[in-house]
Amino acid sequence: MSSLQTMSVNHHLTDETIQEYSAGALSVPMETLIACHLTVCAHCRARVERADQIGGFMISASDGVEVSASAADLLQRAKAAGSESSTRSTGPRGDSGNLISGVPRPLGRLLPKPINQLAWKRIAPGIKQFNLDVDTNRKGAFKLLHLTPGATLSDHSHEDRELTYVVRGSYHDEIGHFKTGDIADLDGHHSHKPVIDSKEPCIALIATHSPVRYSGILSRLMQPFVGI
Ligand SMILES: [Zn+2]
């Protein structure tokens, strides 16, 4: 077992995100980011599996069988029926084959080079990015951020969901302390200002549905240029 699989993870996906992931309702960037977290988090893997079982059973149940049952009943019946939904291709199940150059395979397969050799683009002091979005017409973002120790991101919020997966290092904000393997699953109501507190650079994978909204005037002016 590698250290990635044995790490302790403190911040997880919300129930809502788990349900939408299981239903296939999220964008490819968000699915990819979630798959990275599932690589290191047995807790969320089990939650996705339960959601898959309930969802799969409800689809088959809607084909004529009565569905006036509680979620717990459905889960029990789904287990009894031996759901095959646990073989999701984007949901790694935690073996050592799930790492590429030390990062979760769903991310590693997208990178043209090992993560420490990427052509990072400097966007602000202490902040570099590597864009992963191939669809330039999409409203949201999908990128890696490389943040030097002590760097602070501007206070910002979102119209919609923002997912952050911590690939290396750590940061803290108003919500808590996030380190390698953790996921920050924020909806549009959260505003936060992350500060890098690891000795090594922090590398974070970000996926959003909508553009980021900065609250400071300078940040708002800069936003069209830095695009984060
Ligand atoms: Zn988790």
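A residue is taken as buried if 20 or more other C-beta atoms lie within 10 Å of its own, with C-beta atoms placed from the backbone. By this criterion, 32% of the 228 residues of the protein count as buried in this predicted model.

Helix 3 offers a good place to see the criterion at work. Of its 13 residues, 11 are buried, so the helix is largely enclosed by the rest of the structure. The buried positions begin with P29 and M30, continue through T32, L33, I34, A35, C36, H37 and L38, and finish with T39 and V40. In an α-helix, residues three or four places apart point the same way, because there are 3.6 residues a turn. The length of helix 3, which covers residues 28–40, can be checked too: at 1.5 Å a residue it should span 18 Å, and the end C-alpha atoms are 19 Å apart, which agrees.

Helix 3 is part of a protein with seven helices and 14 strands. Among these strands, three form an open sheet in the order 9-8-12, with antiparallel pairing. Strand 9 (177–179) and strand 12 (195–196) stand at the edges with a single partner strand each, so one side of each is left without a neighbour in the sheet. Strand 8, made of residues 170–172, pairs with strand 12 over two bridges in the antiparallel sense. Here Y171 stands opposite I196 of strand 12.

Turning to contacts across the whole protein, those with a separation of 6 or more were considered, and 68% of them are accounted for by residues 24 or more positions apart.

Terms used
Residues numbered from 1 in each chain as written. Predicted model: local features only at pLDDT ≥ 70, side-chain atom pairs only at ≥ 80, totals over all residues. Helix = DSSP H or I, 4+ residues; strand = E, 2+ residues; numbered from the N terminus. Expected span 1.5 Å × (residues − 1). Buried ≥ 20, exposed ≤ 12 C-beta atoms within 10 Å, placed from the backbone. Pairing = 2+ DSSP bridges. Contact = placed C-beta atoms within 7 Å.
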